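Biologist: Could we go through this model together? I would like to start with the strands and then turn to a helix.

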Amino acid sequence: MALFEKTAAELSKMLADKEISAVELAQDVFARTKAVEDKVQGYVTVAEESALAQAAEVDKKRAAGETLSALAGIPVAVKDNICTKGTLTTCASKMLYNFKPPYNATVVEKLAAHDVVMTGKANMDEFAMGSSCENSAAHPTHNPHGLNRVPGGSSGGSAAVVAAGEVPLALGSDTGGSIRQPASFCGVVGLKPTYGAVSRYGLIAFASSLDQIGPFGRSVEDVAMLLDAITGHDPMHDSTSVKTPFEGSTRANLNADIKGMKIGLPKEYFGAGISDAVRESVLAAAETYKSLGAEVFEISLPLVEYALPVYYILSSAEASSNLARFDGVKYGYRTPNAGDDLIALYTKSRSEGFGAEVQRRIMLGTYVLSSGYYDAYYKKARAAQRKIREEFANAFEKCDVILTPVAPTTAYEIGSKTTNPLEMYAGDICTVSVNIAGLPGLVQPCGFDADKMPIGMQLIGPRFGEQKLLDAGLAFEQASGLKNIIAAL
Amino acid sequence: MKYQAVIGLEVHAELSTKSKIYCSCSTSFGAPINTHTCPVCTGMPGALPVLNKQVVHYAAKMGLATGCTVNQLCKADRKNYFYPDLPKAYQISQFDVPICENGEVFFYVDGEKKSCRLERIHFEEDAGKLLHDEIDGTVVDFNRCGVPLIEMVTKPDLHSSAEAKEFLEMIKTTLSYLDICDCKMEEGSIRCDVNVSIRPEGSEEFGTRVEMKNINTFSGAVRAIDYEIARQIEVVENGGEIQQETRRWDDVKLKNTVMRTKEDAQDYRYFPDPDLIAVEISDEWMDQIKSEIPELPISRYERYLNEYGMTAMEARLLSDNFAKAELLDAAAKQVKPKAAANWILSDISKYLNDKGVELPDTKMTADKLVDLVKLIEAGTISGAAGKKVLPSMFETDETVEAIVERMGLKQVSDEGAILAIVQDVIAKNEKAVADFKAGKNVTGFLVGQCMKASKGQGNPQVINKLIAQELAKL
């Protein structure tokens, strides 16, 4: 078995036992990247040189007998909307084609403190807006399990490079499903943590109240390992960050014994619109849970049907304000066509720098915040959000976790939905409610469809329920054997 | 027809916190451009704000001092607009739930007590500054960006430029009493926008309002208001109509010009800033803020008039300066207020002016002032000697007695010692004696000679008395 095929946990042990060096590992994953990246195109920037230097540094520390983190020397890819000092951070947008941040995101600082080797910046839908990775100004990313298909989005690059064996771990961000849906499409494990569990400082904002950084890996244990490294209260930099009860301890506390765990199946998530293959696969997973001793029963979450419009109103409203700073004045793209006219500088820089989907969301968000429409849209959406939160809180009185599909279908063909934004938005139906309610959600593979494309399932937990999700995920992973799936390329 | 002006103000004051409102950059004025900046205050992608609690403290303090209700649960909102000095393209301000509401400020205009209600006080961040340069064109300095401000919005309760000026002076004095703003007008620490309308005298209805911006001094506010009232009256008298618009005041050309008409009114699309959490002021915190508020200027002014028997001018001069008022009130517990006030208004103020320092920067204390007054009252030193002692009182830690001793200023009141001097002076000044016998008044001359002979330490009253006594013997 080549190094690139191993999980982070396996590699961590090999590094600790000095069976391999961090440089050898880095060389192996970059060799894999060279072999497959032409087909996958999961990266916007590959940072081979700095990664090898970091790896050499880790080897030096280990040789000197320093006590190192379990992640020391492990390669990790970082989504291109997370600021890396001195390394291009483009958000896959022409608007930031040349942007090298003057500072590191908190998560990047944390990874550095764990001596992680950063392999590069992963592709995404521009400014994290999209569900297919097709809205990238760089290039589309291809699903490693079917190269003519999308990897999902917006963190499609992160999911694809993990699925392709280019890297064992990656960071993504999830505003309405942007970690979970690509994890599902690419057959890997992805976790969207509780809102506030991971600092957003340095994550280029799409919708501040919904955005959350989270880990990708090819096993539940690997995801727990990366989660442990990035969680933590960040009061000096992120006001919305919170202290969690599980900080840094989920991997150590993993427990696959889930006897008596109460698992709710919300009937609204299994209705029309969900493909038979997806429904059957997730219901089969429910049966597996029963056989493991869990109590599985149907529940109802009638308000989730409002989650999609609530999501598109709130996220677009916040995006319209968050993306206003890209005006061509201070950094990034500036139009050469404005002459001396300030207004032309703004409008042309923005019209030329932003892609169509981003412009659509900015227009939508500007509209719902406008005087005369605010009450009808934004205010009402916030009220509905409170109701949806209450509904989830009530559900968690009865069950420990909730099991649902992730997306209506498996990965679709590139170009098949780009002409109809509404159809694309509808694909987010199973994931957005988790962001609206600020809850954690774990996605992992539970089967394959007739075309051998991966099917994922979603476990939703209560606020700070990460440990329960990972325990339930591990139990299923062990029972199903669906772990460390690397696409044949 | 006679008209009444209706005036409302929006006053911005920079708070004197050490660091900015949403990052840890310094707020100090005058640094080289773009040196007090970081990813947060330059609006770098991904950077996030964290509220400086001192801002909340200061804003609530101003609210309590102006009779406002403090909203112990409030929030920050985004005000969205594009301008090169605003790096995020939104200003973090407060919209529907400001930190303070419904206050009232009292002040005197020509001896008459007036009041103006405050609609609200909210906190917000300042924008950067555009610097226009012939070589580089326009550049942006973000040093000021993120400096905390409070905006105080009045009800339209003011009716003349004089009232507006006195209101502004009272706001400034209150800010300095609370020690929350350095009140340096030349550095833009306090700025105001003015809303003016006119209506026929006796009418209850409001006329169409015109907003004026770019007013940098209180005297500028007076000129701008007087100009705008006159302009509006002229428009109406000529059968015209006032347009709702924003006009820019030019304090050099002494006129205003249209900046924005009602049609260009911006939609700021306010909404709660999702990067920030609700601001909660606990009861304990409120108690702490309340305990820091001293007796306010208007109350001291009235007390100085009524209890200390001062003139309006004296009471105003003393109550306007917190340190002087504190000095006076502490001294007045032990000596006559008038005596202490006279020293503060004359020689103490003169010293501070000459040296260009503020009272708290010196070593002057109320105890020293009390000692000085008592030594003069007891005749231990003369008033003139008191003036000589004063500089050392500001500059050293010595007691007043020690200074007097060191400078040899103790007054001689012993009649035996002074009699010898008087007799000696009379003996040595035959011409004066001759003049006296010829009916001329020579007392002044002889007192002067005696003072000189006693090196200034002779008690002039005793000398006077003894000269009269000795001359009578001739």
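**Strand pairing and burial**

Modeller: N80(B) has Y90(B) of β5(B) as its opposite residue. As to conventions, residues are numbered from 1 along each chain as its sequence is written, and chains are lettered from A and ligands numbered from 1 in the order in which they are written. This is a predicted model, in which local features need pLDDT of at least 70 and side-chain atom pairs count only at pLDDT 80 or more, while totals for chains, interfaces and linings use all residues.

Biologist: Which strand does β5(B) run antiparallel to, and how many bridges join them?

Modeller: β5(B) is joined by 4 bridges to strand β4 of chain B, residues 77-80, in an antiparallel arrangement. Strands here are DSSP runs (E, at least two residues), and helices are DSSP runs of H or I with at least four, both numbered from the N terminus. Two strands pair if DSSP finds at least two bridges between them. R78(B) is opposite I92(B) in β5(B).

Biologist: What is the strand order in that sheet?

Modeller: The order is β5-β4-β15 in chain B, an open sheet of 3 strands with antiparallel pairing. β5 (90-93) and β15 (271-272) of chain B are at the edges with a single partner strand each, so each has one side without a neighbour in the sheet.

Biologist: Which side chains of β5(B) are buried, and which are not?

Modeller: Y90(B) and I92(B) point to one face and are buried, whereas Q91(B) and S93(B) point to the other and are not. Buried means 20 or more other C-beta atoms within 10 Å of the residue's own, exposed means 12 or fewer, and partly exposed lies in between, with C-beta atoms placed from the backbone.

Biologist: Now chain A. How many residues of β4(A) are buried?

Modeller: In β4(A), residues 169-174, 6 of 6 residues are buried. L169(A), L171(A) and S173(A) point one way, and A170(A), G172(A) and D174(A) the other.

Biologist: What does β4(A) pair with?

Modeller: Strand β2 of chain A (residues 75-79) pairs with β4(A) in the parallel sense over 3 bridges, with A77(A) opposite A170(A). Strand β6 of chain A (residues 212-217) runs antiparallel to β4(A), with 5 bridges, and there G172(A) is opposite G214(A).

Biologist: A different topic: where is L64(B) found, and what does it touch?

Modeller: L64(B) is in helix α1 of chain B, residues 53-65. Leaving aside residues up to four places away in sequence, L64(B) touches V70(B), I289(B), K290(B) and I293(B); contact means C-beta atoms, placed from the backbone, within 7 Å.

Biologist: Why is L64(B) classed as partly exposed?

Modeller: L64(B) is partly exposed because 19 other C-beta atoms lie within 10 Å.

Notes
Two residues are in contact if their C-beta atoms, placed from the backbone, lie within 7 Å.
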